[in-house]
Each structure stands twice: as structure tokens, then as C-alpha cells.
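Colleague: Please take a close look at the aromatic ring pairs in this model. I would like the geometry and the place of each ring in the chain.

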Amino acid sequence: MAFALSSSACVRAFSQVVASKQTVSTKARAVVTKAGSEELYVETGASTYSGNYDEALWPNWADGKSDEEITKCAEVELMHGRWAMLGCAGAWGAEVGTGINWFQAGAVCTPEDCTGIVFPGQVIPLAPEGSGFPQFYNVLAGTVILMGLSEAYRTGLTAPAFPELEVGDLHPGGEHFDPLNLAESPSFDFDRMKIAELKHARLAMLSWLGYMSQA
């Protein structure tokens with residue numbers, strides 16, 4: 001009798017755990033807007049726009065994760081990918097333009113002297129020769145202020161600079177972020193472009209690992 005009761009209790013507890021995991025997984029698949037079509041995603045698995053989070057990134061990666069965790073993972077991947085695309089293009093452009101290895105560029109702008117930022121063939125210099133500009137601390141302050149404001153807008157610490165900005169929206173669009181209104185154009189496949197951006201972002205993150213091995 002006691003054994004039967006305990007067995008029944010174990011079965012009920014196990015069923016509740018399984019049901020809970022299935023609920024989390026089911027809810028997870030509906031977190032992010034299903035913006036893309038998997039006909040556009042021919043790689044293994046599924047894109048993070050499909051809603052099929054059990055197969056996105058790697059099989060069953062969404063198991064046990066809350067809605068917020070899954071949404072955050074998808075957002076962070078895209079943001080890191082965008083930084084990687086900017087970083088790869090910037091490092092390549094600066095190295096080709098100045099002849100200085102990208103990983104040695106920091107030696108050109110130091111607190112002692114930051115006037116060595118010169119692009120061969122530049123039409124307009126960053127500062128007049130002999131002026132002592134640009135100065136290291138001006139460059140540092142400008143970088144901190146601009147990045148600080150960007151992160152404050154992104155995270156909602158301050159009121160949005162533009163009405164179309166919303167915390168957590170990685171595709172705001174609107175007149176400031178899509179001035180040509182391409183997203184609404186019938187000849188522009190917005191879903192395809194979002195998938196293409198995600199693929200380029202992942203490729204850029206892998207490419208940056210190659211850049212780091214060069215350094």
C-alpha cells in the first residue's frame with residue numbers, strides 16, 4: 001500500500017516536471033515575432049525568427065529557459081553580430097587606409113601624442129598640422145559620451161531620442177532608421193533581409209576570431 005502510494009506520488013511529480021518543461025518550451029517558441037520564413041533559411045536548424053527555438057542555434061537549446069532568457073539570447077546574438085560586422089569593416093578599412101595594423105592602431109593615439117592619426121591621401125586632415133589636435137582625452141571623452149548615450153537609449157535609462165525607438169526593438173525602422181522606407185516597399189523583402197543580416201552577423205563573429213588570431 002505504502003509502496004503504491006509513494007510510486008503514484010513519484011509518477012505525479014515526474015509528470016508535473018515534464019509538463020512544466022513542455023510549457024516553458026511551448027511559451028518560448030512564441031516569444032519573438034515570427035518575422036522570417038524558413039524557406040529563406042537553408043542551413044541546419046532554424047533561425048531565431050522562426051519561433052522554432054528548439055532547433056535554433058543548436059538542437060533543444062531552449063529547454064529549461066524562460067521566455068525572457070530566450071529573447072535575451074536572440075537579442076544579444078544579433079547585437080554582437082552587428083558589432084562584429086562594424087569591427088571587421090572598420091579594422092580592414094583603417095588598416096588599408098593608414099598602413100598601420102589594426103591591432104597596433106592604439107599606439108598612434110596615446111595620452112602623450114594623438115596627432116599621428118593620418119590617412120594617406122586624405123583631403124581634409126582631422127586637425128591642422130601643429131595644432132596639437134586631436135587630443136587623446138578629447139577622443140576618449142567623445143567616445144565615452146557617445147557610447148554612453150547609445151546604451152542609455154538602448155536600455156531605457158533615458159527617454160528615447162526618437163519616437164520610434166523602443167527598448168528591446170532591434171528593428172525600429174521609422175524615418176530616422178529607415179528614411180527610404182524600404183521595409184514597406186513591395187519590391188523589398190524585409191523578412192529576407194533580416195535573415196541575411198543574421199547570417200552576415202554570424203559570419204562576421206567568426207571572422208573576428210580570425211582577426212584576433214592575427215593579433
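Modeller: What follows covers the ring pairs and then the helix that carries one of the rings.

This is a predicted model, in which local features need pLDDT of at least 70 and side-chain atom pairs pLDDT 80 or more, while totals for chains, interfaces and linings use all residues. Residues are numbered from 1 along each chain as its sequence is written, and side-chain values use heavy atoms, without hydrogens or water.

The structure holds six aromatic pairs (Phe, Tyr or six-membered Trp rings with centres within 6.5 Å; planes under 30 degrees apart are stacked, over 60 edge-to-face, the rest tilted). W102 and Y211 form a tilted pair, because their ring centres are 6.1 Å apart and their planes stand at 45 degrees. W102 sits in the loop between α2 (67–98) and α3 (136–155), and Y211, 109 residues away, in helix α5 (residues 190–214); helices are DSSP runs of H or I, at least four residues, numbered from the N terminus. Ring pairs join W102, F103, W208 and Y211 into a cluster.

F162 and F177 have centres 5.9 Å apart and planes at 80 degrees, so this pair is edge-to-face. F162 belongs to the loop between α3 and α4 (174–177) and F177 to helix α4, so the pair ties together parts 15 residues apart in sequence. F162, at 30% relative accessibility, is partly exposed, as is F177 at 43% (buried is under 20%, exposed over 50%, partly exposed in between, with a 1.4 Å probe and protein chains only).

In α5, the buried residues include K194, I195 and L198. Their cover includes α2, by contact of heavy atoms within 4.5 Å.

Note on methods: Helices (H or I, at least four residues) and strands (E, at least two) are DSSP runs, numbered from the N terminus.
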